[in-house]
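Student: Could you take me through one part of this structure in detail? I'd like to see how a pair of packed helices sits in its surroundings.

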2 protein chains.
Amino acid sequence: METKNDGPKQEQRLTKKGKETRARIVAAAAKLMFERGVAGTTVEDVQREAKVSASQLYHYFQEKRELVHAVILFQTAQVLSAQEPLLSHLDSIDALWSWRDAIVSLQVERQCRGGCPIGSLASELADSEPVARAELASGFMKWELAIRGGLIAMHERGQLRGDAEPERLALALLTALQGGLLLTQVHRETSPLEVVLDAMLAHIGSFAQS
Amino acid sequence: METKNDGPKQEQRLTKKGKETRARIVAAAAKLMFERGVAGTTVEDVQREAKVSASQLYHYFQEKRELVHAVILFQTAQVLSAQEPLLSHLDSIDALWSWRDAIVSLQVERQCRGGCPIGSLASELADSEPVARAELASGFMKWELAIRGGLIAMHERGQLRGDAEPERLALALLTALQGGLLLTQVHRETSPLEVVLDAMLAHIGSFAQS
């Protein structure tokens, strides 16, 4: 978790204009890395896409890995905020189904392209970049904790039976979602995502009590 | 599916020695692309790893995309055969659990590195390489059909209730597995894989009848 503060710390020292430039660079890098992968994106590509000079880019990011670090934080924030306000309130079976529907709709809108922005980075970087792997793990953990929060609330209110394990269910649900996003991208249709979320919500529903 | 015959057709024309050389090139390419990704692997890297000359490599593969094509077929065959004899006989709840245990053990052996060789290729290539995407989809379909075969057999024998849908359950199980392999790679521990497979097998088990 400690590595996650480098970006924001550096950011605090920037002027408003500096922050805007930095944000433009990060958004450009995120876009390109999402489309072409990290390996397929050069610092020069990012420079062109963000319309900044080489020295401007270097001022904010001395190395490509710093840019990757900022992109991981950016994509994590984007992915989580795109699921709000649903994600913070997954504390009923109905809420879980609404969230499921919203995620499926988003993939339909995107024509099943792209997969998960965090999952794609993870697949590319997990084995080769230890620092990126830890940052991605921490991004997934934020997501998992948001899901877990809702399930724990249901459990505590007695809406899930005592033998339900909200921690395991939350991890299983996020894991299933990742598989669903990947296979939806491969098959170019949402049925993998739908069937796996339906199965997981049926499983969670099997612990429900009124 | 039609693209899948190019490789084997070409292969049939080769002498025994030619087939061996071609196989060595494909295995070398698969190894490097698994470790570094497709974008991170050059034709020259493959040449060095396979210990062949540039003209030898060119004799078998005129373009990198032909090599990628061969790697997809190779990895699909490897992944499926690594799960045998279990994969072809997933026709009881016990068999499903044994398969689950074998997959988890394999990840422990691999120290949770690598993820799924097909899933990793899919994440990298699905959006940028339409032919590769179709080949990967077909590789996943083979896997899905193997799982489906066992579940259909259980359904027909009445070991799964009439309202169970083996096709959906098979796709959900493979999808969950993909998510499990990805998050296991990210977190460097098997709990995501374990909890998602446990949840899916519990869900399938909820349709069981003796």
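Tutor: Here is a walk through one helix pair, followed by some places around it and in the other chain.

Keep in mind that this is a predicted model. Let's start with the chain that holds the pair. Chain A has 10 helices and zero strands, so reading from the N terminus you get α-α-α-α-α-α-α-α-α-α. Its C-alpha atoms fill a box of roughly 60 × 35 × 30 Å along the principal axes. Of the 210 residues of chain A, 51% count as buried. Among contacts in chain A with a separation of 6 or more, 69% join residues 24 or more positions apart.

Now the pair itself. Helix 8 (residues 130-156) of chain A packs on helix 9 (residues 166-187) of chain A at an angle of about 135°, and their axes are 8 Å apart. Roughly antiparallel would take an angle over 145 degrees, and that makes helix 8 of chain A oblique to helix 9 of chain A. The crossing of these two helices is right-handed. On the helix 8 side of chain A, the contact is made by A:Phe140, A:Trp143, A:Glu144, A:Ile147, A:Arg148, A:Leu151, A:Ile152 and A:His155. Helix 9 of chain A brings in A:Pro166, A:Glu167, A:Leu169, A:Ala170, A:Leu171, A:Leu173, A:Leu174, A:Leu177 and A:Gln178. Sorted by class, the contact of helix 8 with helix 9 in chain A has 12 nonpolar, two polar and three charged residues.

Two names from that contact, A:Trp143 and A:Ile147, come up again in the largest nonpolar core. That core has 128 residues, and A:Trp143, A:Ile147, B:Trp143 and B:Ile147 touch the most other members. As background, nonpolar side chains in soluble globular proteins tend to be buried together. For a look at one of these core residues, take B:Trp143. Leaving aside neighbours within four places in sequence, B:Trp143 is in contact with B:Val79, B:Leu80, B:Gln83, B:Leu87, B:Trp99, B:Cys116, B:Ile118, B:Leu174, B:Leu177 and B:Gln178.

Back in chain A, A:Gln107 belongs to helix 6 (residues 93-109). With 3% relative accessibility, A:Gln107 counts as buried, because the cut-off for that label is under 20%. Not counting residues up to four places away in sequence, A:Gln107 touches A:Cys112, A:Arg113, A:Leu181, A:Thr184, A:Thr190 and A:Leu193.

A:Ala208 sits in the segment after helix 10 (191-205) of chain A. This residue is partly exposed, with a relative accessible area of 35%. Its C-alpha atom and that of A:Ala164 are separated by 8.8 Å, although the two residues are 44 apart along the chain. A:Ala208 also touches A:Ile93, A:Gln159 and A:Leu160, again not counting residues up to four places away.

Chain B offers another helix pair to set beside this one. Helix 2 (residues 16-36) and helix 3 (residues 43-50) of chain B pack at about 120°, with axes 8 Å apart, and are therefore oblique to each other. Their crossing is right-handed. B:Arg24, B:Ile25, B:Ala28, B:Ala29, B:Lys31, B:Leu32 and B:Arg36 of helix 2 of chain B meet B:Asp45, B:Val46, B:Glu49 and B:Ala50 of helix 3 of chain B. The residues of that contact divide into six nonpolar, no polar and five charged.

One last stop: B:Glu35 also lies in helix 2 of chain B. B:Glu35 counts as partly exposed at 43% relative accessibility. From B:Glu35 to B:Pro117 is 9.5 Å in space, C-alpha to C-alpha, with their positions 82 residues apart in sequence.

Note on methods. Residues are numbered from 1 along each chain as its sequence is written. Chains are lettered from A and ligands numbered from 1 in the order in which they are written. This is a predicted model: local features need pLDDT of at least 70, side-chain atom pairs count only at pLDDT 80 or more; totals for chains, interfaces and linings use all residues. Side-chain values use heavy atoms; hydrogens and water are left out. Axes are lines fitted to C-alpha atoms, for helices over the stretch in contact, and angles run from 0 to 180 degrees between N-to-C directions. Helices (H or I, at least four residues) and strands (E, at least two) are DSSP runs, numbered from the N terminus. Angles under 35 degrees count as roughly parallel, over 145 as roughly antiparallel, 65 to 115 as roughly perpendicular and the rest as oblique. A crossing is left-handed if the near helix is turned anticlockwise from the far one by less than a right angle, and right-handed if clockwise. Contact means heavy atoms within 4.5 Å. Ala, Val, Leu, Ile, Met, Phe, Trp, Tyr, Cys and Pro count as nonpolar, Asp, Glu, Lys and Arg as charged, and the others, Gly among them, as polar. A nonpolar core is a set of buried Ala, Val, Leu, Ile, Met, Phe, Trp, Tyr and Cys residues joined through side-chain atoms within 4.5 Å. Buried means under 20% relative accessible area, exposed over 50%, partly exposed in between (1.4 Å probe, protein chains only).
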